[in-house]
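Please open the model in your viewer and keep the selection panel at hand. The tour goes from the whole chain to its parts, and at each stop you will be told what to select.

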Amino acid sequence: MNLKGKFKVLQQKISQSNKILVVGHLRPDGDAISSGCAILEILKQFDKKGEFFCSGNLPFNFNYLPNFYQISNNKKDFKDLSNFDLLIIVDCGSLARTDLSQEIKKRRQNNHPYIVEIDHHPKVDDYANLEIREPQAASTTEIIYDLSCALNIKFTKNLSESILTGIITDTGNFFYPNATAKVLKASAHLLEKGANLSKIIKHVNSNKNIATFKLWGLAMERLEVHPDYDFAFSVLTFKDLQSINSDSDEINETLSSIAGFLSNLAKVSYFIIT
Ligand SMILES: [Mn+2]
């Protein structure tokens, strides 16, 4: 089935369902949170009210998004998924990242609830009844943008800000190569519909804590430049990394943002952080 056909099936399933649950990945990032918030906005246009579950701590810098305070991270409330008619799983990458693997596997045997997966990560698990997977999309919200265009969903300010938040998160403020012409055109359209770019960029990036800044400080302090070779390096030890008390995803993200920033040094072609 082509993408348009899949969007039509999703539209039909939403219309037929009364209890709908949206699931983002555990320790959600801006794309997971805003994808779920955008789906809740779309459901309103079908006169449906959905629930939204993400496991783990919710990043409060996204609390400007519509529906943010509707997000539940209380796993106990979602033990029995048979209460729901439709599950829409966004940005998860793999079943384990839903943090509801057991519950979803159990329900999948009865083919109820119907499971739709919307994602831009490469395929890992096969668990959805309808898989809307677009690995070339910059963010899951870019797929939700295409869905909204295909289904003639009204781009309210709330929906536009949700979609743009995911795009800005996953393109690193339009810095990465996934910020394609299509993404920029979609973003311009979302601005026309009332999304506030500077507000979103400010919120998306207001997620650093003091321990992370101290780690940045260490990396700067130990920075050495070798102009003869266009080469710079800095050193962070395992112990330094432990100080920020985060999981490996977060540590990797912090390291790549430090390396990204330091590689802005003029006349440096090679940068290593070790
Ligand atoms: Mn994403």
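Begin with the whole chain in cartoon view, where the secondary structure comes to 10 helices and 9 strands; these are DSSP runs numbered from the N terminus, with helices being H or I of at least four residues and strands E of at least two. This is a predicted model, in which local features need pLDDT of at least 70 and side-chain atom pairs count only at pLDDT 80 or more, while totals for chains, interfaces and linings use all residues. Residues are numbered from 1 along each chain as its sequence is written.

Still with everything selected, turn the C-alpha trace, which spans about 65 × 40 × 35 Å along its principal axes. A compact globule of 274 residues would have a radius of gyration near 19 Å, and the chain, with 20 Å, agrees with this (taken over C-alpha atoms; the globule rule is 2.2 Å times the number of residues to the power 0.38).

Next, colour residues 3-205 as domain 1 and 210-273 as domain 2, bounds that come from an automatic or database domain assignment. The centres of domain 1 and domain 2, taken over C-alpha atoms, are separated by 32 Å.

Now select helix α2 (residues 30-45) and helix α4 (residues 140-150), whose axes come within 9 Å and cross at roughly 20 degrees; axes are lines fitted to C-alpha atoms, for helices over the stretch in contact, and angles run from 0 to 180 degrees between N-to-C directions. That angle makes α2 roughly parallel to α4 (under 35 degrees counts as roughly parallel, over 145 as roughly antiparallel, 65 to 115 as roughly perpendicular and the rest as oblique). Show the side chains of D31, S34, S35, A38, I39 and I42 in α2, which meet T140, T141, I144 and S148 in α4; residues are in contact if their C-beta atoms, placed from the backbone, lie within 7 Å.

Keep α2 and add α5, which packs against α2 at an angle of about 160 degrees with the axes 8 Å apart. α2 and α5 are therefore roughly antiparallel to each other.

For the last stop, select α5 (residues 157-170) with α7 (residues 197-205), where the axes come within 10 Å and cross at roughly 55 degrees. That makes α5 oblique to α7. The contact is made by E161, L164, T165, I168 and T169 of α5 and I200, I201 and V204 of α7.

Terms used. Two residues are in contact if their C-beta atoms, placed from the backbone, lie within 7 Å.
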